[in-house]
Amino acid sequence: MEHRVCLNKMIVVFMTVIVISSCFVFDIQTGLFSLTGLLAKSLVIDNVIESINRCKVFLIVCDDPDPICEFIYRDLKRSATVYKAHGAFTHNQKMIIMSVMKRGQAVQLRNFVKRYQPGAFIAIVNSSEIIGKGFRGLN
């Protein structure tokens, strides 16, 4: 996040100087068009940089987490956290697997779960702020 904020701030400061200069060199209308372009460019740059870091967070509710966890560990070279849950509607005990991975790995995991545990419930969430081993450090 630090690098993204610094890069984005530098670009905005530099472009603001250009926008202010265009008001003096040309006219106010040109300056306003430059400002509009600056805002659009800032949004696009921010979205592009954020999409580069985007990962998938999986929450898989199932009865037997072992085959899924083995696939995550063995084939995807990732880890997972498993915890017990209690179904609010069925009152049955379930297991929840939480794992974070890159987009390409997410497709593989989704296909694996769909094929081998079709009754599992999967929630997949986009995240661009993953900090920890295998992703990004705290610095």
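Is lysine 77 buried or exposed at 65% relative accessibility? The legends below take up this residue after an overview of the chain, and they describe a predicted model.

**Figure 1. Overall arrangement of helices and strands in the predicted model.** The protein chain contains 4 helices and 4 strands, which follow one another along the sequence in the pattern α-α-β-α-β-β-α-β. Of its 139 residues, 28% count as buried, and the accessible surface of the protein chain comes to about 9,700 Å², with 64% of that area belonging to carbon and sulfur atoms. Among contacts with a separation of 6 or more, residues 24 or more positions apart account for 69%.

**Figure 2. Close-up of lysine 77 in the loop between H3 and strand E2 (81-86).** Lysine 77 counts as exposed, because its relative accessibility of 65% lies over the 50% cut-off for that class. Although lysine 77 is not a glycine, its phi is positive, at about 60 degrees.

**Figure 3. Close-up of histidine 91 in the loop between E2 and E3.** Histidine 91 is not a glycine, yet its phi is positive, with a value of about 60 degrees. With a relative accessibility of 54%, histidine 91 counts as exposed.

**Figure 4. Close-up of the nonpolar surface patch made by Ile20, Phe24, Val25 and Phe26.** The patch covers about 510 Å², and two of its members are described here in more detail. Isoleucine 20 is placed in helix H1 and counts as partly exposed, at 45% relative accessibility. The C-alpha atom of isoleucine 20 is separated by 8.9 Å from that of serine 34, a residue 14 residues apart from it along the chain. Phenylalanine 26, by contrast, lies in the loop between helix H1 (2-25) and helix H2 (28-52), and is exposed, with a relative accessible area of 59%. As background, nonpolar side chains in soluble globular proteins tend to be buried together.

**Figure 5. Close-up of the largest nonpolar core, which has 15 residues.** Within this core, the residues that touch the most other members are Ile60, Ile68, Ile97 and Leu109. Two or more residues are given to the core by each of strand E1 (55-62), helix H3 (66-74), strand E3 (93-101) and helix H4 (103-116). When neighbours within four places in sequence are left aside, isoleucine 68 is in contact with Ile60, Cys62, Ile97, Leu109, Phe112, Val113 and Gln117, a list that includes Ile60, Ile97 and Leu109 from the group that touches the most other core members.

**Figure 6. Close-up of cysteine 62 and its closest cysteine sulfur, in cysteine 69.** The structure holds 0 disulfides. For cysteine 62, the closest cysteine sulfur, that of cysteine 69, is 7.4 Å away, which is too far for a bond, because a disulfide requires the two sulfur atoms to be within 2.5 Å. Cysteine 62 counts as buried, at 3% relative accessibility, and is among the residues in contact with isoleucine 68. Cysteine 55, with a relative accessibility of 2%, also counts as buried.

Conventions:
Residues are numbered from 1 along each chain as its sequence is written. This is a predicted model: local features need pLDDT of at least 70, side-chain atom pairs count only at pLDDT 80 or more; totals for chains, interfaces and linings use all residues. Side-chain values use heavy atoms; hydrogens and water are left out. Buried means under 20% relative accessible area, exposed over 50%, partly exposed in between (1.4 Å probe, protein chains only). Patches are made of residues with over 30% relative accessible area and no salt bridge: like charges are joined within 9 Å, nonpolar side chains (Val, Leu, Ile, Met, Phe, Trp, Tyr) within 5 Å. Accessible areas come from the Shrake-Rupley method with a 1.4 Å probe; for residues, only the protein chains shown count as cover. A salt bridge is a side-chain nitrogen of Lys or Arg within 4 Å of a carboxyl oxygen of Asp or Glu. A nonpolar core is a set of buried Ala, Val, Leu, Ile, Met, Phe, Trp, Tyr and Cys residues joined through side-chain atoms within 4.5 Å. Contact means heavy atoms within 4.5 Å.
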